Every structure is written in C-alpha cells, then in structure tokens.
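Student: Could you take me through one part of this model closely, namely the place where its domains meet, and then follow the elements found there back into the sheets on either side?

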Amino acid sequence: MQVNRELFNSVMVPNYNPSEVIPVKGQGSRIWDQNGEEYIDFAGGIAVNCLGHCHPALVNALKTQGEKLWHLSNVMTNEPALRLAKKLTDSTFADKVYFANSGAEANEAALKLARRYAIEKFSSSKTQIISFTKSFHGRTFFTVTVGGQAAYSDGFGPKPQDVVHCDFNDIEAFKALINDNTCAVMMEPIQGEGGILPATQEFAQTVRELCDKHNALLIFDEVQTGVGRTGHLYAYQSLGVTPDILSTAKALGGGFPIGAMLTTTEIASYLKVGTHGSTYGGNPLACAVAEAAFDTVNTPAVLDGVKAKSELFRSGLQAINDKYHAFSEIRGEGLLLGAVMSQAFEGRARDFLLAAAKHKLMVLVAGTNVVRFTPSLVIPDEDIKAGLALFEKAVADVVNG
Ligand SMILES: *Cc1c(COP(=O)(O)O)cnc(C)c1O
C-alpha cells in the first residue's frame, strides 16, 4: 500500500489539510519523515509533547503499564488514576479531579458542572455563561458555542443557550455583562488559538472579584497553558488569580490522550453519582503515562528550565526581527510564544509556517496573524539555536519574496 498524502484525500474526512510531510519517527525535538528527512520540532504536537517525542520516562511508563492493565471503565477505580489525582490536587488549589480524554471533554465537564451548581444552589435562571472573543475551548457543541469564534459553532442548528461573549481584557465591557444570573465565566489565562494573548493581571483580578460578587464560578481553561508550559505548573499560579474550576489536557499526557477537570470539594459535590461520566476517562494506561509526565515536569529543574529557554527563544526571535522587521511583537510566556505579524505582513502567518517547513522546521500559527511556538519544555538549547537559524532563513525567504 502506498501511504502518502494522496491516500489522505481518498480515505479521510476532509476536515483537515495536513502537510505533505508524513513523519514516521520522533526523538526529543527532532522528527523524521518517510524519506528519512530530519526536522526540528517547534510545534510539539500543538503544546502536547511537553517532554518531546519518546521521552524515556514516558516510554517506560507506557510499556510498564501496557503490560499490566489498560482499561477497566469507571465501574472500577485504578491505582494510576488515584495517584495522578492526588498529585494534581497536592500541587494546585483543587481538592477533586474528574478525568476525561481531551481538552474539550474537560471543558464540557466544567461547563455542565457550573450549570448544575448554579441551578441547584441558587436558581434555575442562573445559567448565563460569559466567555471571550477569540477564545478556544474545544469542538463539542457546548464548547464551540462558548468559544469565541462563531465560525466554529455556526451552521449546526440550535446552540446551547445563554452564552455571551465579551472582548478579552476589556474591563468595562465585562462589567456591563456580568450580573446575578451569570453562572460562570470561562477564560484562558493566555489565549492560545486566539493569538497567544495574555490576560492582563488587572483584567483577571477584576473578573475574579466580579465573579465573587455575583456568585459566578470562574473557570480557567488551562488546556494549552497548563503543565509547565508557562514556566509554572499552571498559569494561574503566576497570575495571582485562583479559579474555581480548572481544565487541563494537552501536555498532561505528554502525547497520550487525557484531560482533567479540577475543582474544590464544595463545587465537586454537585456532580453526584451518574450526573456525568466517560467510558475511557481515567483509564490506567493514560493515567500512568500522565503521572510520569507530571512527575517529570513538576520539578524546579524543568520549570526553571522553561523560563531560561524562553529567554533564549525570545532573544533569538528578537534578533531575527531586528534584521527583518517582520513582527510587531513577540509575546506569550514560557514556551508558549507568538510572533505577531507587523503591518507589512498582516494576515500572512501561514507563509512563515510554510517557509519554515521548507527549511525543515515545524512551527504553528495561531489565527492568521501570529506564528506560534510551543516546543518541548525540555528542548535542548542547541535545538533552539539550530531551529532559530532555520527560522531566520524562512523569515528571509518571506521578507525577500
Ligand atoms: C486545544 C485546546 C482545547 C481543546 O482540546 P482538545 O484536546 O482538542 O479537545 C481547549 N481549550 C484550549 C485552550 C485549547 O488550547
């Protein structure tokens, strides 16, 4: 069988448009395609491969658990899930964990919990959910409806009701929207898909205060920012604003699908037996890999390393920009970085991605105007330097037409 990009067109639902390159192997921050060509990976599987490809701790966890027990369903609990939940709660504000298989599912659980909590504790009319323009919370119908891009939720018929959107970081607009019927506010501490746009501390604090005033729950979607990505275990820990519910996925499994919703004992008590659930959620195989990823990332060596690597990355991007003036700003935190197009390159982020791929470097975009970098949290400094050298060539190609 010829396995190539044409086969994709013939057998796959056309909802993606993947690159022509088909990787077959990865190690650390390097990938090899079917022809043995080597690439440097600054994409990290969209902020998922927090320890790069095939990290020994994850391979060992996968192999060890894979020979013991894969799946039971939630009719029975299991050791890896309970150990991981204990570690997540010991390291965060949360007391309780619900496991899912993806970010969207973790957010779906968060939204359903918030609705239950508000309706049962306060009133059947307390159902309004506020989220932000350009936010991204996943692709289930509830989460796309809450997400701030109508293009992802339009055209599927009636949407879940009572969801409103506010401009991100707009304190006055937010004050005008929140009221006693607000059930929850869902936000990303740094908007990822929306363009690597951090919430200002003042904005996050105001949202927290107004949520308290109106008995609304604050849900932080840390699917992209969580598990060390910003140089902190979770981004809320450096923002100085603690949510009531937090969702985490992407890097949580280091490449193995898993998601989780974290909350307090009081709020968690509104999910009673049978209220919500998942067949695969919290399976021992996913949780064993996630536990190994968590143990590896949640150390001063790795978290401080992210901060140092971020500096190296930023200064490298800045040096490239000093020469080519393609970007108006380098923003983000830790190893969640975005290069924002300058006016001359407005809307052309994808051109930089394609040029980078030609030079055997994998990067991402966030929208049409930002080139996004979400490499492994333990990417060697030499790979950052080598990758940036390739990126400079790509930038030169685009700038010189
Ligand atoms: C990726 C992402 C999601 C969706 O996660 P899936 O695992 O694709 O369902 C939700 N929220 C944010 C902030 C994300 O970056």
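Tutor: The domain assignment of the protein chain gives two entries: domain 1, made of 5-54 + 300-399, and domain 2, spanning 57-297. Everything that follows is computed from a predicted model, and the centres of domain 1 and domain 2, taken over C-alpha atoms, are separated by 26 Å.

Turning to the boundary itself, 26 residues of domain 1 are in contact with 26 residues of domain 2. Between them the domains bury about 2200 Å², and 64% of this area lies on carbon and sulfur atoms. On the side of domain 1, the residues that lose the most area to domain 2 are L51, E333 and L336, which together account for 26% of what that side buries.

The polar part of the boundary can be described by counts: there are 9 residue pairs in polar contact between domain 1 and domain 2, with both residues at pLDDT 80 or more, and the count of salt bridges between the domains is 1. A salt bridge is formed by E193 with R372, whose closest N and O atoms are 2.9 Å apart. As for the elements involved, α2 (44-47), α13 (300-324), β13 (327-333), β14 (336-341) and β17 (370-373) each supply at least two residues of the side of domain 1 that touches domain 2. Of that side, α13 gives the most, with 4 residues.

Several of these elements come together again in a sheet, where 4 strands are arranged in the order β13-β14-β17-β16, the sheet being open and the pairing antiparallel. Its edge strands are β13 and β16 (364-365), each of which pairs on one side only. Within the sheet, β14 and β17 pair in the antiparallel sense over 4 bridges, and V340 stands opposite V370 in β17. Helix α13 packs on this sheet, where α13 touches β13, β14 and β17, and the direction of α13 makes about 175° with that of β13. Thus α13, which gives the most residues to the domain 1 side of the boundary, also packs on the sheet that contains β13, β14 and β17.

Earlier in the chain, strand β1 (residues 23-27) runs antiparallel to strand β2 (residues 30-33), and 4 bridges join them. G26 stands opposite I31 in β2, while the hairpin that β1 and β2 form has 2 residues between the strands, with G28 in the turn showing a positive phi of about 60°.

A further sheet is built from 7 strands in the order β4-β12-β11-β10-β7-β5-β6, and this sheet is open with mixed pairing. The edge strands here are β4 (96-100) and β6 (163-166), each pairing on one side only, and the twist averages 20° from one strand to the next. One parallel pairing in this sheet can be followed in detail, since strand β10 (residues 217-221) and strand β11 (residues 245-248) run parallel and are joined by 3 bridges, with F220 standing opposite L246 in β11. Helix α4 (residues 79-90) packs on the sheet by touching β4 and β12 (259-263), and the direction of α4 makes about 130° with that of β4.

Definitions and conventions:
Residues numbered from 1 in each chain as written. Predicted model: local features only at pLDDT ≥ 70, side-chain atom pairs only at ≥ 80, totals over all residues. Heavy atoms only, no water. Pairing = 2+ DSSP bridges. Axes fitted to C-alpha atoms, helices over the stretch in contact; angles between N-to-C directions. Contact = heavy atoms within 4.5 Å. Domains from an automatic or database assignment. Buried area = accessible area lost by both parts, 1.4 Å probe. Salt bridge = Lys/Arg side-chain N within 4 Å of Asp/Glu carboxyl O. Polar contact = N/O pair within 3.5 Å; in protein donor to acceptor, adjacent residues only side chain to side chain.
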